[in-house]
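Biologist: I'd like a close look at one part of this chain rather than a quick tour of everything. Pick a spot, stay with it for a while, and then follow the contacts outwards.

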Amino acid sequence: MILFCGDPHGEFDHIIQRVQQMKPAAVIMLGDLCLSQPFEQTFASILGLTDIWFIHGNHDTDEVRYHDHLFACPERNLHGRVVEIDGFKIAGLGGIFRSQVWYPPEPPRYTTKQDFIAHCGKGNLWRGGLPRKHRSSIFPEDIQSFESLKADILVSHEAPSAHPHGFQAINELAQSM
């Protein structure tokens with residue numbers, strides 16, 4: 001069994017309790033964790049009970065501490081890859097579409113992170129790279145990285161078109177995989 005949990009926004013007690021009760025093979029956090037302490041510390045009480053994975057949401061780059069606490073565990077990050085979890089091939093796409101980069105169905109303003117960095121101005125860079133906010137933006141290159149990959153399940157922070165504010169681009173990615 002895999003437990004999928006979205007948008008906890010710093011509230012984890014109910015998730016930890018459910019894991020302790022159900023003992024799932026894995027937990028996949030679907031973004032907006034908003035960690036006030038390091039990932040390993042937040043989930044210390046259940047790390048021995050289950051595998052914990054994540055993709056990032058838009059709010060995980062709102063504050064430096066949120067970003068740093070989450071991305072300190074790259075081995076648990078599903079973004080941009082496919083991992084076998086409890087017998088399923090699961091692909092992860094973190095972040096959201098932003099009009100400054102790409103807001104489908106409109107054409108992208110920037111296709112790669114490097115292209116965006118080259119045009120955003122040195123004063124906007126964070127830690128020598130993308131501005132912190134745009135570390136949770138979906139770029140076309142993020143979608144393209146899945147071109148030759150196959151998965152049983154695609155998890156994303158951005159919604160597919162079934163949601164009133166969702167995107168056909170997410171449907172198309174899932175169908176292609």
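Modeller: Let's start at C34, which is buried with a relative accessible area of 8%, so C34 falls under the 20% cut-off for that label. Keep in mind as we go that this is a predicted model. C34 sits in the loop between strand 2 (26-29) and helix 2 (39-42). Its backbone deserves a look too: phi of C34 is near 55°, a positive value in a residue that isn't glycine. Most residues other than glycine have a negative phi.

You'll find another case at D7, where phi is positive at about 55°, again without a glycine. D7 lies in the loop between strand 1 (2-5) and helix 1 (13-22). The surroundings of D7 are another matter: D7 has 38% relative accessibility, so it counts as partly exposed.

Back to C34 and what touches it. One of the residues in contact with C34 is D60, found in the loop between strand 3 (51-54) and helix 3 (64-71). Is D60 buried or exposed? With a relative accessible area of 0%, D60 is buried. Leaving out residues up to four places away in sequence, D60 touches G31, D32, L33 and C34, along with I55, Y66, H67 and L70. The D60 side chain is also busy with backbone. It reaches the backbone nitrogen of D32 at 2.8 Å, and a polar atom of the D60 side chain lies 2.8 Å from the backbone nitrogen of G57. If you follow the chain further, D60 and S136 are 76 residues apart in sequence, yet 7.4 Å apart in space from C-alpha to C-alpha.

That takes us along to S137, in the loop between helix 4 (113-120) and helix 5 (140-144). S137 is buried as well, at 4% relative accessible area. What does the side chain of S137 make polar contacts with? One partner is the side chain of R98, at 2.9 Å, and another is the side chain of H134, at 2.7 Å. Beyond its sequence neighbours, S137 touches I96, R98, V101 and D142.

D142 is handy for the next step, since L93 touches D142 too. Other contacts of L93, again not counting residues up to four places away, include I55, H79, I138, I143, F146, L154, V155, I170 and L173. I55 is a link back to where we were, being a contact of D60 and of L93. L93 is also one of the residues with the most contacts inside the largest nonpolar core, together with F97 and F116. That core has 20 residues, and strand 5 (88-93), helix 4 and helix 6 (168-176) are the elements that give two or more residues to it. Apart from it lies another core, of 17 residues, among them F12, V27, L33 and L35. So L33, which D60 touches, brings you back to the residue just before our starting point.

Helix 6 can be followed a bit further. Its buried residues are A169, I170, N171 and L173, and they pack against strand 5, helix 5 and strand 6 (153-156). I170 and L173 also turn up among the contacts of L93.

Now the rings. How many aromatic pairs does a search of the whole structure find? There are 9. F54 and F71 make one that is edge-to-face, 6.2 Å from centre to centre with 80° between the planes. This pair links distant parts of the chain, with F54 in strand 3 and F71 in helix 3, 17 residues apart. F54 is buried at 0% relative accessibility, whereas F71 is partly exposed at 24%. F97 and W102 are edge-to-face as well, because their ring centres are 5.1 Å apart and their planes stand at 85°. F97, with 3% relative accessible area, is buried, and W102 counts as buried at 12%. F12, which we met in the core of 17 residues, joins F39, F43, F54 and F71 in one aromatic cluster.

One last backbone feature, since we began with one: the peptide bond from P104 to P105 is cis, with omega near 15°. P105 is in the loop between strand 5 and helix 4. Most peptide bonds are trans.

Methods: Residues numbered from 1 in each chain as written. Predicted model: local features only at pLDDT ≥ 70, side-chain atom pairs only at ≥ 80, totals over all residues. Heavy atoms only, no water. Helix = DSSP H or I, 4+ residues; strand = E, 2+ residues; numbered from the N terminus. Buried < 20%, exposed > 50% of the residue type's maximum accessible area, 1.4 Å probe, protein only. Core = buried A, V, L, I, M, F, W, Y, C linked by side-chain atoms within 4.5 Å. Contact = heavy atoms within 4.5 Å. Polar contact = N/O pair within 3.5 Å; in protein donor to acceptor, adjacent residues only side chain to side chain. Phe/Tyr/Trp six-rings, centres within 6.5 Å; stacked < 30°, edge-to-face > 60°.
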